[in-house]
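Visitor: Please choose one part of this model and take me through it closely. Give me one connected account, and keep the sentences short.

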Amino acid sequence: MELTLESIQLTTDDLTDVAARHASAQELYSPTAPKPPIAQLGWRDRWWLNNTAAQQVAINYWFFESHDEACTAADEGRFRLSAQTVMKLGGRDSIYQPPPNNKHGLGKVVWQAGANFLFVHQTVVVLVAEIGGRVPEETTLRIAKKIFNKIQNAAP
C-alpha cells in the first residue's frame, strides 16, 4: 500500500468509540514554514467527540520527502505549535517535550504537551491536539496510536 493522506487519515469509522463527527478540514503549511523543510502536503481534520463541540480534537498530518526532513520539521516546528514554553536549564523550551515514559506506543520520535501528541513515523509528522482542555490524554493517545498503526500498515 502507498503512503498517502487517504491511506492514513482517520475516518468516522475509525473513531466510533468516541462518537466522532467530522467538523472541518483544511490544507496546512509546513510546521516550519516559511523555512525548510517544506511539507509536500499538510492537512488538518477537526473532529467533535462524543457528539459535542465542547470536546474537539484537531489532527494535523504533514508529509515530507524523507524521515530526516520529517524529524527536523517536527523538532523545529514544535516551537511554533504553541506559544507556551517550559523552563529548561539555559532558558526556555517548547511545551512539547519528550514524554515521561516510553509507554505511548508512538515510536521513537515523540513529543507531548499535556494531552497533545506530536510524532514522526516514516516520512509523516502527526499532531493530535485537543482543543479546550476537555479531552483526556488517554483519548488523544488512543487516536494517535490509530494513526501510527495506519502509517505502519500503509508504509511500503
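Guide: Two strands pair here if DSSP finds at least two bridges between them. The bridge is the unit I will use to walk through the sheet. The model is predicted.

Start with the setting. The chain holds three helices and eight strands. Along the sequence they follow the pattern α-β-β-β-α-β-β-β-β-β-α. The radius of gyration is 15 Å, close to the 15 Å of the globule rule for 156 residues, so the chain is as compact as a globular protein of that length. Its C-alpha trace spans about 45 × 35 × 30 Å along the principal axes. Of the 156 residues, 46% count as buried. Take contacts between residues at least 6 apart in sequence: 59% of them join residues at least 24 apart. The accessible surface comes to about 8,200 Å², with 50% of it belonging to carbon and sulfur atoms.

Now the sheet itself. In general, the strands of a sheet pair through backbone hydrogen bonds, either parallel or antiparallel. This sheet is open and has six strands, in the order β1-β2-β3-β8-β7-β6, with antiparallel pairing. The edges are β1 (21-27) and β6 (109-113); each has a single partner strand, so one side of each lacks a neighbour in the sheet. On average, neighbouring strands are turned by 15° against each other, direction ignored.

Walk across from β1. Six bridges join β1 to β2, in the antiparallel sense. One link to look at is A25, whose bridge partner in β2 is D45. D45 also has a bridge partner in β3, namely I59. Thus A25 leads to D45, and D45 leads on to I59. Next to D45 in sequence sits R44, and the partner of R44 in β3 is N60.

The loop between β1 and β2 deserves a stop. P34 lies in this loop, and the peptide bond from A33 to P34 is cis, with omega near 10°. P37 lies there too. The bond from P36 to P37 is also cis, with omega near 0°.

Step on to β2 and β3. They pair antiparallel over nine bridges. They form a hairpin with two residues between them. N50 sits in the loop between these strands. Its phi is positive, about 55°, although N50 is not a glycine. N50 has 42% relative accessibility, so it counts as partly exposed.

From β3, cross to β8. Eight bridges join this antiparallel pair. V57 stands opposite E130 in β8. In β8, seven of the eight residues are buried, so the strand is largely enclosed by the rest of the structure.

Then comes β7. It runs antiparallel to β8, and five bridges join the two. F119 has V126 as its bridge partner in β8. This pair forms a hairpin with two residues between the strands, where Q122 takes a positive phi near 60°.

End the walk at β6. This edge strand holds W111. At 10% relative accessibility, W111 counts as buried, since the cut-off is under 20%. Leaving out residues up to four places away in sequence, W111 touches C71, A74, D75, R78, Y96, Q97, P98, P99, N116, F117, L118 and V120. A73 is 38 residues away from W111 in sequence, and their C-alpha atoms are 13 Å apart.

One more layer remains: the helix over the sheet. Helix α3 lies across β2, β3, β6, β7 and β8, at about 15° to β7. It covers residues 137-154, which makes 18 residues. From its first C-alpha to its last it reaches 26 Å, close to the 26 Å expected at 1.5 Å a residue. An α-helix has 3.6 residues a turn, so residues three or four places apart point the same way. Keep that in mind for the buried set of α3: T139, T140, L141, I143, A144, I147, F148, I151 and A154. Their cover includes α1 (5-8), β2 (41-49), β3 (52-63), β7 (116-121) and β8 (124-131).

One backbone detail lies outside the sheet. A19 sits in the loop between α1 and β1. Its phi is near 45°, a positive value in a residue other than glycine. A19 is partly exposed, with a relative accessible area of 27%.

How values were computed. Residues are numbered from 1 along each chain as its sequence is written. This is a predicted model: local features need pLDDT of at least 70, side-chain atom pairs count only at pLDDT 80 or more; totals for chains, interfaces and linings use all residues. Side-chain values use heavy atoms; hydrogens and water are left out. Helices (H or I, at least four residues) and strands (E, at least two) are DSSP runs, numbered from the N terminus. The expected span of a helix is 1.5 Å times one less than its number of residues. Buried means under 20% relative accessible area, exposed over 50%, partly exposed in between (1.4 Å probe, protein chains only). Contact means heavy atoms within 4.5 Å. Axes are lines fitted to C-alpha atoms, for helices over the stretch in contact, and angles run from 0 to 180 degrees between N-to-C directions. The radius of gyration is taken over C-alpha atoms; the globule rule is 2.2 Å times the number of residues to the power 0.38. Accessible areas come from the Shrake-Rupley method with a 1.4 Å probe; for residues, only the protein chains shown count as cover.
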